[in-house]
Amino acid sequence: MSGKNYVHQLDAKNRMRIPAKLREELGSNYSITVGTGNCLYVYTEEQMQKVKATLSNINPYREKQLKAARFILYNTWQAEEDNQGRIRLPDNLIKWARIEKNLIVFKGPECIEIWSEEVWDEYFNNVNFDDLADALDELNNNDRV
């Protein structure tokens with residue numbers, strides 16, 4: 001897990017670059033979908049297969065599960081790089097992530113994340129360290145079960 005972030009911009013045609021170091025980790029087939037906190041998750045082909053396997057285990061009579069699966073699947077896009085290594089983000093993902101121009105590309109704990117710079121700043125503006133400590137305690141307690 002890296003924690004390194006990269007600052008980029010969306011061009012006038014809604015294109016961006018995934019940094020070369022992160023692109024190597026993704027391989028040639030990767031997907032982008034909605035993530036928590038209004039960011040976008042970028043999954044390798046293997047990671048996306050795991051997400052789809054999880055979504056296939058829903059109970060179709062549980063509306064919350066079905067709605068979550070539909071939303072994630074509807075908003076999943078297979079990235080296609082042009083000959084200059086740029087990808088075009090679809091409008092629905094730009095809208096979800098509230099992207100205007102400036103982007104943060106971040107190597108998160110599970111996958112690569114794409115954030116609007118403004119949303120990133122909002123998200124981390126009011127960090128409560130007691131909440132962070134509680135979340136870390138929960139993770140540590142889960143390891144002990």
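# Cysteines, rings and a patch

Cys39 is buried, with a relative accessible area of 1%. (Buried means under 20%, exposed over 50% and partly exposed in between, with a 1.4 Å probe and protein chains only.) The model is predicted: local features need pLDDT of at least 70, side-chain atom pairs need pLDDT 80 or more, and totals for chains, interfaces and linings use all residues. Residues are numbered from 1 along each chain as its sequence is written, and side-chain values use heavy atoms, without hydrogens and water.

## Exercise 1: the cysteines

Work out why Cys39 and Cys111 form no disulfide.

*Solution.*
- Start with the rule: a disulfide needs two cysteine sulfur atoms within 2.5 Å.
- Find the closest cysteine sulfur to that of Cys39. It belongs to Cys111, at 7.1 Å, which is too far for a bond.
- Check from the other side. For Cys111 the closest cysteine sulfur is in Cys39, also 7.1 Å away.
- Look at burial. Cys111 is buried too, at 3% relative accessible area.
- Conclude: the structure has zero disulfides by this rule.

## Exercise 2: the chain as a whole

State how many helices and strands the chain has, and give their order.

*Solution.*
- Count the elements: six helices and eight strands. (These are DSSP runs numbered from the N terminus: helices are H or I with at least four residues, strands E with at least two.)
- Read them from the N terminus: β-β-α-β-β-α-α-β-β-α-β-β-α-α.
- Add the dimensions. The C-alpha trace spans about 50 × 40 × 25 Å along its principal axes.
- Add burial. Of the 145 residues in the chain, 34% are buried.
- Finish with contacts (heavy atoms within 4.5 Å). Take those between residues at least 6 apart in sequence: 60% join residues at least 24 apart.

## Exercise 3: the aromatic rings

Classify the pair Phe71 and Trp96, then the pair Trp115 and Phe124.

*Solution.*
- Two quantities describe a ring pair: the distance of the centres and the angle of the planes.
- Set the limits. Rings of Phe, Tyr and Trp (its six-membered ring) pair with centres within 6.5 Å; planes under 30 degrees apart are stacked, over 60 edge-to-face, the rest tilted.
- Search the whole structure: eight aromatic pairs turn up.
- Take Phe71 and Trp96. The centres are 5.3 Å apart and the planes at 65°, an edge-to-face pair.
- Place them. Phe71 is in helix H3 (residues 63–74) and Trp96 in helix H4 (residues 91–97), so the pair ties together parts 25 residues apart in sequence.
- Check accessibility. Phe71 is partly exposed at 37%, and Trp96 is partly exposed at 27%.
- Take Trp115 and Phe124. With centres 6.3 Å apart and planes at 50°, the pair is tilted.
- Check these two as well. Trp115 is buried at 3%, whereas Phe124 is partly exposed at 41%.
- Widen the view. Ring pairs link Phe106, Trp115, Trp120, Tyr123 and Phe124 into a cluster.

## Exercise 4: the nonpolar patch

Name the residues of the nonpolar patch and the helices that supply at least two of them each.

*Solution.*
- List the members: Tyr123, Phe124, Val127, Phe129 and Leu132.
- Give their accessible area together: about 520 Å². (Areas come from the Shrake-Rupley method with a 1.4 Å probe; for residues, only the protein chains shown count as cover.)
- Assign the helices. Helix H5 (117–125) and helix H6 (129–144) each supply at least two patch residues.
- Pick one member. Phe129 is found in helix H6 and is exposed, with a relative accessible area of 66%.
- Set the patch against the whole. The chain has about 9,800 Å² of accessible surface, and 48% of that belongs to carbon and sulfur atoms.

Technical notes. Patch = residues over 30% accessible without salt bridge, like charges linked within 9 Å, V, L, I, M, F, W, Y side chains within 5 Å. Salt bridge = Lys/Arg side-chain N within 4 Å of Asp/Glu carboxyl O.
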